[in-house]
Amino acid sequence: MIDDESFAAAVSKLKAAGLDDPKGEARKLYGLAFPRRYVDEPEISDGSALERFRGYIERRANREPYAHICGFRHFWKYVFAVTPDVLDPRPDTETLVELALQYPFERVLDLGTGSGCIIVSLLTDRQEAHGVGTDVSEKALEVARKNAGEVERVHGPDVTQRLTLIASDWFKNVEGRFDLIVSNPPYISAHEMAEVSPEVRNFEPHGALTDDGDGLTHYRTIAAGALEHLSDQGRILVEIGPTQARAVSALFKEAGLENITIHPDLDGRDRVVSARKTA
C-alpha cells in the first residue's frame with residue numbers, strides 16, 4: 001500500500017505538470033501499479049509496486065499519455081494495444097465505426113489503419129465481411145496484426161483470417177473494389193500543431209497527426225482514388241477535424257462522389273464526412 005504523504009506528493013507532481021485532474025490521474029496510476037491479488041503480496045512488501053507507481057507518476061508528469069503507460073486503450077467494444085508507433089484511439093472515432101455499421105458491406109478497406117482499431121472493430125461486429133488495412137508504417141501494421149489476433153482470441157470471430165494488412169501509401173498497393181472505404185487520415189494542419197497537447201505532439205507519431213500543410217493533403221489523395229476503388233453503390237467515410245467539413249465535402253463532390261453528408265460526434269462537432277458512389 002501507499003501512505004497518504006506519498007500519494008499527496010504524487011498528486012502535487014501531476015498538478016505541477018499542468019494536468020487537469022491530478023488526483024484522478026494519480027488514482028488510475030495507483031490502480032495500475034498496485035496488485036489486487038493475494039499472490040502479488042510480495043510486490044507490496046518488497047517495495048517494487050511503490051517504485052512502479054513512482055515511475056508511472058514520473059512518466060505522466062512528463063506528459064506521456066496514460067495509454068502508453070498502461071499499453072492499451074478501450075475502443076468501441078474492444079481493447080487495443082497502443083504503442084508510440086500508432087495513434088491512441090479516440091472515442092470520437094467511434095462515430096465513424098457506428099456509422100459504418102449502419103449499412104451492409106462485404107468488403108471494407110481501411111486506409112491508414114494504425115492500431116487497426118477501426119477495421120478490427122468492423123470485422124468483429126460484421127462477421128461475414130472481409131477487409132484490407134493499409135499503412136505506410138510496418139511497425140503500425142505489426143501493432144494492428146497483434147490487435148487483430150488478441151481481439152479474435154477474446155471475442156471469437158476469425159478476424160485474422162478475414163483481414164489482410166498491407167504496406168501501402170494510401171491506394172498505391174491496393175487492388176480490387178470495396179463496398180466500404182474508411183479512413184482517419186492525418187488532418188491537423190501545420191499551424192495547428194503548436195496548439196495540440198504535449199501528450200499528442202510529443203508522443204504520438206508525427207506523420208499520423210499532420211501533413212505539415214493545410215491538413216487536407218491526404219483527403220485530396222483519398223478523394224481522387226475513391227471512385228476507382230469503390231464498388232457500385234459503395235460508401236466512403238472519413239474522420240475529419242471539426243473545421244474541415246466543407247472543404248472535405250467539396251473534395252468529394254469534385255471527385256464525383258454523391259450523397260455527401262456531414263455527421264457530428266457526441267459533442268455536436270463535425271466529425272465524419274460520408275459519400276457514395278451511385279453510378
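Let's start at Gly18, which sits in the loop linking helix 1 (4-16) to helix 2 (22-33). Please keep in mind that this is a predicted model. Is Gly18 buried, exposed or something in between? Its relative accessibility is 42%, so Gly18 counts as partly exposed. If you look from there to His130, you move 112 residues along the chain, and the two C-alpha atoms are 44 Å apart.

Staying in this region, have a look at Arg27, which belongs to helix 2. Arg27 has a relative accessible area of 53%, so it falls in the exposed class. Now, which distance separates Arg27 from Phe7 in space? From C-alpha to C-alpha it is 8.7 Å, with their positions 20 residues apart in sequence.

Let me step back to the whole chain for a moment. The secondary structure amounts to 13 helices and 9 strands. Along the principal axes, the C-alpha trace spans about 70 × 45 × 30 Å. What about the radius of gyration? For 279 residues, a compact globule would come out near 19 Å, and this chain has 21 Å, which agrees.

As for the inside and the outside, buried residues account for 50% of the 279 residues. The chain exposes about 13700 Å² of surface, and 49% of that is supplied by carbon and sulfur atoms. On charges, there are 33 positive and 46 negative ones, and their mean positions lie 1 Å apart. And how do contacts connect the sequence? Taking contacts between residues at least 6 apart in sequence, 64% of them join residues at least 24 apart.

Two residues show that kind of detail nicely, so let's go to them. One is Ala148, in helix 8 (residues 138-155). With 2% relative accessibility, Ala148 counts as buried. What does Ala148 touch, once its neighbours within four places in sequence are set aside? The partners are Val120, Val159, Thr160 and Leu163. You can also find Phe80 from here: Ala148 and Phe80 are 68 residues apart along the chain, and their C-alpha atoms are separated by 8.7 Å.

The other is Thr124, in helix 7 (residues 117-125). Thr124 is buried as well, at a relative accessible area of 5%. Leaving out residues up to four places away in sequence, Thr124 touches Tyr78, Val151, His155, Pro157 and Val159. If you have been keeping track, Val159 was also on the list for Ala148, and here it is again for Thr124. A longer look from Thr124 takes you to Arg235, 111 residues apart along the chain, with 19 Å between the C-alpha atoms.

Next, the cysteines, since somebody at the bench usually asks. How many disulfides are there in the model? The count comes to 0. For Cys70, the nearest cysteine sulfur belongs to Cys117 and is 15 Å away, and Cys70 is in no disulfide. Seen from the other end, the closest cysteine sulfur to that of Cys117 is in Cys70, and at 15 Å it is too far for a bond. As a reminder, a disulfide is a covalent bond between the sulfur atoms of two cysteines. Are these two cysteines buried or exposed? Cys70 has 16% relative accessibility, so it counts as buried. Cys117 has 8%, so it counts as buried too.

Last, a pair of backbone angles to click on. In general, most residues other than glycine have a negative phi. Trp76 has a positive one, near 55 degrees, and it is not a glycine. You will find Trp76 in the loop between strand 1 (72-75) and strand 2 (78-81). Its relative accessible area is 25%, which means that Trp76 is partly exposed.

Asp212 also has a positive phi, of about 60 degrees, without being a glycine. Where does Asp212 lie? It is in the loop between helix 11 (206-209) and helix 12 (217-229). At a relative accessible area of 51%, Asp212 is exposed.

To close, three spots to look at on your own screens. Gly18 is in the loop between helix 1 and helix 2. Ala148 is buried in the model, at 2% relative accessibility. And Trp76 is the residue with a phi near 55 degrees. Thanks for listening!

Technical notes: Residues numbered from 1 in each chain as written. Predicted model: local features only at pLDDT ≥ 70, side-chain atom pairs only at ≥ 80, totals over all residues. Heavy atoms only, no water. Helix = DSSP H or I, 4+ residues; strand = E, 2+ residues; numbered from the N terminus. Rg over C-alpha atoms; globule rule 2.2 N^0.38 Å. Buried < 20%, exposed > 50% of the residue type's maximum accessible area, 1.4 Å probe, protein only. Contact = heavy atoms within 4.5 Å. Areas by Shrake-Rupley, 256 points an atom, 1.4 Å probe, with all protein chains shown as cover. Lys, Arg positive; Asp, Glu negative; His and termini not counted. Charge placed at Lys NZ, Arg CZ, Asp CG, Glu CD. Disulfide = S-S within 2.5 Å.
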